[in-house]
Amino acid sequence: MKGLICAGGSATRLEELTRVTNKHLLPVGRWPMVYYPLQLLQQVGVREVLLVTGKQHAGDFIDLLGDGRLRARSTEEMLFELDLTYKVQVEPGGIAQVVGMAREFARGEKLVVCLGDNIFESCQAEAIRGWDDGALVFVTEVDDPVSFGVVAYGDDGSVADIVEKAGVVDTRYAEPPSRDAVVGLYCYPPDVFEIIDSLEPSGRGELEITDVNREYARRGQLRVQRVEGWWHDGGKHWGDLADVGRLIEETGVNK
């Protein structure tokens, strides 16, 4: 099992904070944001990790993270001890494109994908270690499901479909079929690259991860797991960063 961190994007929603740096390098609590998904991957048993970012800030990630073995400045504590490699996404092409870039890195192994701005109270270790076949995605109930990709369930409770921004992007549905939003933590078997090869770009010219998940749902090979603990999207709004930093201090993170 190998890991992938998606750490690209321009993050214009964070306004002036990302004018000269990548959002995943911004401080959240005591750490740069990217430390949290790296720690999550280590906690679930991953040791080899590929980090994909844009060309503008690739050097900043290398300067910060080096080879993936990083010791805290104030103590002898190892923050994480990973075998870290890097790739550059030259132009924005969607999360599915980033996953496709991990083909040679994965070399037939299962792949745990974490978006670099997603932070979890729990590292979801039990669910990931219990994952055996098909694809596994994590969901949490949200108040504004129209802003997310959400799960559509069949009458028997099985996963029937994944619906991206119902009524806006996916016009097959006038309203979101549920409040269960898919968060930025995905587990894929080796055949994910065959699915990515078959994708067509969306209306915004990108390969969408929702289309990957939808294909697994169509095959009856998509398992949905509810997120344990809280989850936060660090790229949503600049005002949230201080709040989630305080939350991390109160509850802990990647437990």
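Biologist: Which elements do the buried residues of helix 7 pack against?

Modeller: This is a predicted model. In it, the buried residues of helix 7 pack against helix 3 (95–100), strand 10 (135–141), strand 12 (159–164), strand 13 (180–188), helix 6 (192–197) and strand 14 (222–226).

Biologist: How many residues of helix 7 are buried?

Modeller: Buried means under 20% relative accessible area. By that cut-off, 7 of the 10 residues of helix 7 (residues 209–218) are buried, so the rest of the structure largely encloses the helix. Among them are Ile209, Val212, Tyr216 and Ala217. Just after the helix, glycine 220 has a positive phi of about 75°.

Biologist: Where does the salt-bridge partner of arginine 214 lie?

Modeller: A salt bridge needs a side-chain nitrogen of Lys or Arg within 4 Å of a carboxyl oxygen of Asp or Glu. Arginine 214 pairs in this way with aspartate 170, with 3.3 Å between the closest N and O atoms. Arginine 214 is in helix 7, while aspartate 170 is in the loop between strand 12 and strand 13, 44 residues apart. Arginine 214 is partly exposed at 22% relative accessibility, whereas aspartate 170 is buried at 7%. Both belong to a network of salt bridges that also includes Asp161, Arg172 and Asp211.

Biologist: Are aspartate 117 and lysine 23 buried or exposed?

Modeller: Both are buried. Their side chains form a salt bridge, at 2.7 Å from N to O. This pair links distant parts of the chain, 94 residues apart.

Biologist: How many salt bridges does the whole structure hold?

Modeller: The search finds 21. One of the pairs is glutamate 76 with arginine 71, at 3.8 Å. Glutamate 76 is exposed at 62%, and arginine 71 is partly exposed at 44%.

How values were computed:
Residues are numbered from 1 along each chain as its sequence is written. This is a predicted model: local features need pLDDT of at least 70, side-chain atom pairs count only at pLDDT 80 or more; totals for chains, interfaces and linings use all residues. Side-chain values use heavy atoms; hydrogens and water are left out. Buried means under 20% relative accessible area, exposed over 50%, partly exposed in between (1.4 Å probe, protein chains only). Helices (H or I, at least four residues) and strands (E, at least two) are DSSP runs, numbered from the N terminus. Contact means heavy atoms within 4.5 Å.
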